[in-house]
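Reader: Please take one part of this structure and look at it closely. Then set that part in its wider setting.

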Amino acid sequence: MAELTETGQRTLRSSGGGPSSDGPPLAQGLFSWYRRNNRLGDLSAAAVLVGPALLILGVFTVWPIVYSGYLALVEWDGLSADRPFVWFDNFARLWDSGELPTSIKVTLLYTVAVAVGSVAIGLAVALMIDRVTRGRTWYRAVYFLPAVTATVAVSVVWRLLLDPGSGYVNVALREVGIQGPNWLRSTTWALPAVIGVGIWKHLGFNVVVFLAGLQAIPKDVFEASAVDGAGEWKTIRSILLPLLAPITLLLLIMGVINGFLVFDQVFILTEGGPLGTTDVLGLLLYRHAFRFFDLGGAAAVGWVMFGLVASITLVQWRVYGAGARGVGS
Amino acid sequence: MRVAYRQPTLHLLLLVGAFLILLPLLWMLTTSLKSPGDVHIPPYLIPVTFDWSNYSRAFAADDFPRFYVNSAVMTGGIVAGQVLLSSAAGYAFARLRFPGRGLLFGLVLATMMMPVYVTLVPSYLIVRTLGWLDSYTGLIVPRLVSPFGIFLMRQYYLSLSSDFEEAAMIDGASRLRVWWSVALPMSVPALATIGIFAFLFSWNDLLWPLIITTDPDLRTVQLGLAMFSGRYGTQWTLLAAGSLVATLPAIIAYLVGQRWLVRGIALGAGR
C-alpha cells in the first residue's frame, strides 16, 4: 500500500492546479484539510463522482421535502404573493370536507385488496410453476408481462374491456347468463374493478420473487418430507409455507407501499369516480395541486401519504430489525 | 415420482391463468387490426382481419410520431443519466474515503423512503422557477438520479475485488480514470439492470410529464395516449392501436432485458 500512497500523492502533485498554500490562515487551513483528505486524490475524485448526483438529489428531493413541510402549513395558489400561515388548517379543511377520510379509506381498501390478492394468487401460481417440469421460463415471462406494460396503455384497454355493453368482460358474463354491471360507473363495482386491474398488473412481480425464493430452498427438503410419507399438501403447508413466510411478508409490505402510491390506472379508469368511490390519495393530491391550485392542501395530502408509508416501513423494520436490510454503511 | 401424473393438471391451470393474463394484450392486438365496423363483434382474440389502417389513422389523429420522439429523448436521457450517475456515486461510496461519506450515503438511502408525492408539488415549483416547464430539461434532469441505483452499484463494487483498480493506480491512473476505465466496464451487468429499470420507469411514466408539460408538442407517448383516449374514447380500433404502440417498446425492452430485470428484482425488488 505504501507505493500506492506514493503514487497517489505524486499524481496529485503532478496534476498541479489546486489552491495555493499562501494566503490567509483560513485558506491555509482549508488547503491543509483538503490535502489531508485528498490522499490518493479521493476527495477531488469524490467531488466529481458524487457531486452531480448529490446536487440533483439535493435540489429535487431533499430541498422539496423541506419545502413541502412549509407548503403544508400555508395557504397558497402558487402565484399570489400572499401566503398566509394556516398551520394545520390544510389537514383540518380536507378532513372536514370529507375528501381526506374518503381517500384514505379508498386507498387502504385498494391497497390491502391488491397486496393480499396478488400475493396469495402469486404464491399459488409460483408453487405451480415451480412444480412443472417444462415451460417454467415461458410461464414466468407470461405472468410477468403485465408488470412491464405501460400502465396507461393497459388501463385504456381495460376500460374498453369493462365497457358495460360490448366490453369483453360483460360479453363473457352474458355467455354464462349473468348481466354484468356498468363496472366503472357503478359506486359498488368501480373499486373492485380497479382492484382487479391492480391485481392483474402486480401479480407477476410476486410470482417472480416467490419463484426466486422457491429456488433457494434446497430440494432435499422435499425428498426428506416425501420419504417421511408426507403428502404434497402437507409438504406445502408444513415445510414450504413457513420457509416462504419472510418473502411473503416482504412482498405484502412492498405491495402495500406501492398500493398507497397508485395513480396512473385510476386516473385512466375512473378519475376517482363515481362519487369518489375510487378517489385514491394520489388523485386527491393531483386534483388539489393542479386543478384547484390548492398547493397547501396538496402538500398536506403528500404528508398523509408519507405517514402511511412510514408506518408500514416501521412495521418492516420491527420485523426485520432496524437497519438489517439496506440502511447502514 | 408422485409429481409426474400431476403435470397435465398443473399445465392446464397455468395455461388458463396465462390466458387470462394475456387476454387484454391479445384483445389489444386483435382490435387494433379490426376494421372499425367489426369492433363490437366478439369474440375473436386472435387476429383474423388485418386492417393496418388503424395505425396510420391513429397516427394521423394525433401527433404520435412527435410523442414518440419526446418519449425517446426523455427515456434516453434518464437511462443514460441514471446508469452513469449510479455507477459514479456508487463507486465513490464503495471505494473512496472522504469526510461525510457515511452521512451522505445515509441521506441517499433515506430519500428512497420518501414517496414522490411529498416532493411532487415543490419539485414542480422548483422546475417552474428554473424556467424548465415544457422542456426536455424539466422532463429529464429532476429524475436523473436513482437512489436505488446508487445503492445497488455500491453493493456491486463492494463485492468486486479491487485488485485491478489497485494495479491501475500503481500504473499511475487517477481515481477518476480508474472508475471510468476499470470499474465501469467491469460493472456492465449491474448497469444493465439499472438501465432496464430506468427504461421501464421513464417510458411508462405518466405523472411527471402530466404536470410538467402543457404544450402538446412536448407530450410523451403515455401522456399523449391518455389525452387521446379522452377525446377518441369511442374509437376502439384507434385506441387499441395507440395503446399497442405506446407499450410495445416496454415489452421489447422486457423481452431483451428479462435476465437483468429478474436479477434486479431478486437483488432488491427494484424500486
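Author: Start with a loop of chain A in this predicted model. Gly276(A) sits in the loop that runs between α12 (264-269) and α13 (281-290) of chain A. Is Gly276(A) buried or exposed? Neither label fits: with 17 other C-beta atoms within 10 Å, Gly276(A) is partly exposed. A buried residue would need 20 or more.

Which residue touches this glycine? Thr102(A) touches Gly276(A), and Thr102(A) touches Asp279(A) too, leaving aside residues up to four places away in sequence. Thr102(A) belongs to helix α5 of chain A, residues 99-131. Its surroundings hold 18 other C-beta atoms within 10 Å, so Thr102(A) is partly exposed. The cut-off for a buried residue is 20 or more.

Now step away from the contact. From Gly276(A) to Tyr320(A) is 44 residues in sequence and 37 Å in space, C-alpha to C-alpha. From Thr102(A) to Ala216(A) is 114 residues in sequence and 42 Å in space, again C-alpha to C-alpha.

Next, the domains. The assignment for chain A gives domain 1 (2-71) and domain 2 (91-320). The C-alpha centres of these two domains of chain A are 45 Å apart.

Another helix of chain A deserves a look. Helix α6 of chain A covers residues 136-148, 13 residues in total. Its first and last C-alpha atoms are 19 Å apart, close to the 18 Å expected at 1.5 Å a residue. Where does α6(A) bend? The bend is at Val142(A), by about 25°. A proline, Pro146(A), follows within four residues. Both Val142(A) and Pro146(A) are buried. Other buried residues of α6(A) include Tyr139(A), Arg140(A), Tyr143(A), Phe144(A) and Leu145(A). Ala147(A) and Val148(A) are buried as well.

Now chain A as a whole. Chain A has 14 helices and zero strands. Of its 329 residues, 42% are buried. Contacts in chain A between residues at least 6 apart in sequence are 70% long-range, joining residues at least 24 apart.

Chain B is the partner. Chain B comes to 13 helices and zero strands. How spread out is chain B? Its radius of gyration is 23 Å, well over the 18 Å that the globule rule gives for 271 residues, so chain B is more spread out than a compact globule. Along the principal axes, the C-alpha trace of chain B spans about 70 × 65 × 35 Å. Buried residues account for 45% of the 271 residues in chain B. Among contacts in chain B with a separation of 6 or more, 74% come from residues 24 or more positions apart.

Last, the interface. How many residues of chain B are in contact with chain A? The count is 82 residues of chain B, in contact with 83 residues of chain A. The side of chain B that touches chain A has 63 nonpolar, 16 polar and three charged residues.

Back to the starting point. The loop glycine, Gly276(A), is partly exposed. Thr102(A), which touches Gly276(A), lies in helix α5 of chain A.

Definitions and conventions. Residues are numbered from 1 along each chain as its sequence is written. Chains are lettered from A and ligands numbered from 1 in the order in which they are written. This is a predicted model: local features need pLDDT of at least 70, side-chain atom pairs count only at pLDDT 80 or more; totals for chains, interfaces and linings use all residues. Helices (H or I, at least four residues) and strands (E, at least two) are DSSP runs, numbered from the N terminus. A residue is buried if 20 or more other C-beta atoms lie within 10 Å of its own, exposed if 12 or fewer, and partly exposed in between; C-beta atoms are placed from the backbone. Two residues are in contact if their C-beta atoms, placed from the backbone, lie within 7 Å. Ala, Val, Leu, Ile, Met, Phe, Trp, Tyr, Cys and Pro count as nonpolar, Asp, Glu, Lys and Arg as charged, and the others, Gly among them, as polar. Domain bounds come from an automatic or database domain assignment. The radius of gyration is taken over C-alpha atoms; the globule rule is 2.2 Å times the number of residues to the power 0.38. The expected span of a helix is 1.5 Å times one less than its number of residues. The bend at a residue is the angle between axes fitted to the seven residues ending there and the seven starting there.
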